[in-house]
Structures are given as structure tokens and as C-alpha cells.
Amino acid sequence: MSAEPTSAPVVCAHGGDLSESVPTLHAAAAVAAAFAAPLLVVVGYDPPLIGGEVGDLRRAAGDLAQQLLDEAVAEIARVAPDVTVEPILVEDRPTESVLFVAEQRGARMIVVGHGGEGPVRGALLGSVTYNLVHRSPVPVLVVPSPDAD
């Protein structure tokens with residue numbers, strides 16, 4: 001492990017399937033390494049409040065979010081073992097989670113993936129990427145997926 005980073009952290013928004021998120025995770029690790037900065041991998045989840053026991057749904061959503069986070073951290077460790085990674089799980093909507101962590105930790109940048117949906121579709125669907133680009137107080141690096149249009 002490298003020396004403790006002293007630079008403002010890079011925040012990586014993560015929440016999807018690992019196979020689709022690999023380019024984003026790799027880019028975030030490269031940016032963190034270039035700045036000798038810690039990498040904060042954030043998974044935000046907002047558990048559904050309908051159907052079944054609310055507590056059971058909340059736990060299931062939390063378990064799935066934790067699994068996504070564990071997979072992301074393992075992938076970063078595989079490709080960038082010298083990058084200091086801090087996994088952060090937040091129980092809130094993904095956009096709000098990432099913005100909260102970025103503000104609280106004084107992030108220098110947010111790295112997020114983009115699956116190819118256009119800006120109009122993204123705005124209508126509440127795309128995390130679209131919202132981060134338009135609401136973030138720090139620069140946002142958008143990493144296209146390999147199959148993006």
C-alpha cells in the first residue's frame with residue numbers, strides 16, 4: 001500500500017452491474033492515482049417502502065448495495081493496488097448520496113458512468129449522470145460505456 005494520500009479525494013459514483021461499471025471504476029482509479037488522492041466509492045440506495053415488511057426490504061436493499069460496493073472495491077484493488085480506496089454506503093437516492101459525500105469530504109472531482117442515453121431522456125428519467133453534471137459544485141468526469149451510442 002502506498003503512503004497516505006494528502007490530496008482532496010476523488011468520488012466515484014457506483015451503483016450498477018460491475019461488468020457495465022468497469023470503465024468508470026478504472027477511470028476513477030486512474031484519476032485518483034494521478035492526483036495521489038484517495039478514491040471514495042459511493043453507492044447510494046433508497047430502499048422501497050412498499051410491499052412486505054419495510055425492515056426486510058431495507059435490509060435486502062442494503063445487502064445488495066453492499067455487494068455492489070464490495071465488487072467495485074475488489075475491481076479497483078485488482079487494477080490499481082496502490083490507490084487508497086474507501087467504500088461508502090449511503091441510504092439515500094444515488095444522486096443525493098454522491099453529492100453529500102463530495103461536499104462532506106471536500107472532493108476535487110466526481111467520476112460517473114454514462115450508458116448512452118441522451119440528455120433529454122436523461123432529464124426525463126432522472127439520470128444520476130445528468131443530475132450530477134448539472135448539480136455538482138465540483139468537476140464531473142463522465143465515462144461512456146463501451147457500447148454507448
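**Exercise 1. Find the order in which helices and strands follow one another along the sequence.**

Start at the N terminus of this predicted model and walk along the chain. The pattern you meet is β-α-β-α-β-α-β-α-α-β. Helices here are DSSP runs of H or I with at least four residues, strands are runs of E with at least two, and both are numbered from the N terminus. Tally them up and you get 5 helices and 5 strands.

Before going on, two notes on the ground rules. Residues are numbered from 1 along each chain as its sequence is written. The model is predicted, with local features needing pLDDT of at least 70, side-chain atom pairs counting only at pLDDT 80 or more, and totals for chains, interfaces and linings using all residues, while side-chain values use heavy atoms, with hydrogens and water left out.

**Exercise 2. Work out how the strands are arranged in the sheet.**

Step one: the order. The 5 strands make an open sheet, β3-β2-β1-β4-β5, with parallel pairing. Two strands count as paired if DSSP finds at least two bridges between them.

Step two: the edges. β3 (85–91) and β5 (140–144) are the edge strands, each pairing on one side only.

Step three: the twist. On average, neighbouring strands in this sheet are turned by 25° against each other, direction ignored. Angles run from 0 to 180 degrees between N-to-C directions, and axes are lines fitted to C-alpha atoms, for helices over the stretch in contact.

Step four: two pairings up close. β1 and β2 run parallel and are joined by 4 bridges; Val 11 has Leu 40 of β2 as its bridge partner. Strand β4 (residues 109–114) pairs with β5 over 5 bridges, also in the parallel sense, and there Ile 110 sits opposite Val 140.

**Exercise 3. Say which way the residues of β1 point.**

A handy rule first: side chains in a regular strand alternate between the two faces of the sheet. Now look at β1. Val 10 and Cys 12 point one way, Val 11 and Ala 13 the other, and all are buried. Buried means under 20% relative accessible area, exposed means over 50%, and partly exposed is in between, with a 1.4 Å probe and protein chains only.

**Exercise 4. Which strands does α3 lie across?**

Look for contacts, meaning heavy atoms within 4.5 Å. Helix α3 lies across β1, β2, β3 and β4, and runs at about 145° to β2.

Next, zoom in on Ser 97, which belongs to α3. Leaving aside neighbours within four places in sequence, Ser 97 is in contact with Val 42, Gly 44, Tyr 45, Val 90 and Asp 92. Ser 97 counts as buried because its relative accessible area is 0%.

**Exercise 5. Describe how α3 meets α5.**

What do you need for the description? Two packed helices are described by the angle between their axes and the distance between the axes. For α3 (residues 94–105) and α5 (residues 128–135), the axes come within 9 Å and cross at roughly 35°. On the α3 side, the contact is made by Pro 94, Thr 95, Glu 96, Val 98 and Leu 99; on the α5 side, by Val 128, Asn 131, Leu 132 and Arg 135. Sort these residues and you find 5 nonpolar, 2 polar and 2 charged. For the sorting, Ala, Val, Leu, Ile, Met, Phe, Trp, Tyr, Cys and Pro count as nonpolar, Asp, Glu, Lys and Arg as charged, and the others, Gly among them, as polar.

**Exercise 6. What is the phi of Ala 36, and where is Ala 36 found?**

Recall the background: most residues other than glycine have a negative phi. Ala 36 has a phi near 50°, a positive value in a residue other than glycine. Ala 36 is found in the loop between α1 and β2. With 48% relative accessibility, Ala 36 counts as partly exposed.

**Exercise 7. Which residues does Gly 106 touch?**

First locate Gly 106: it is in the loop between α3 and β4. Not counting residues up to four places away in sequence, Gly 106 touches Ala 8 and Pro 9. Gly 106 and Ala 8 are 98 residues apart in sequence, yet 6.3 Å apart in space, C-alpha to C-alpha. Gly 106 is partly exposed, since its relative accessible area is 42%.
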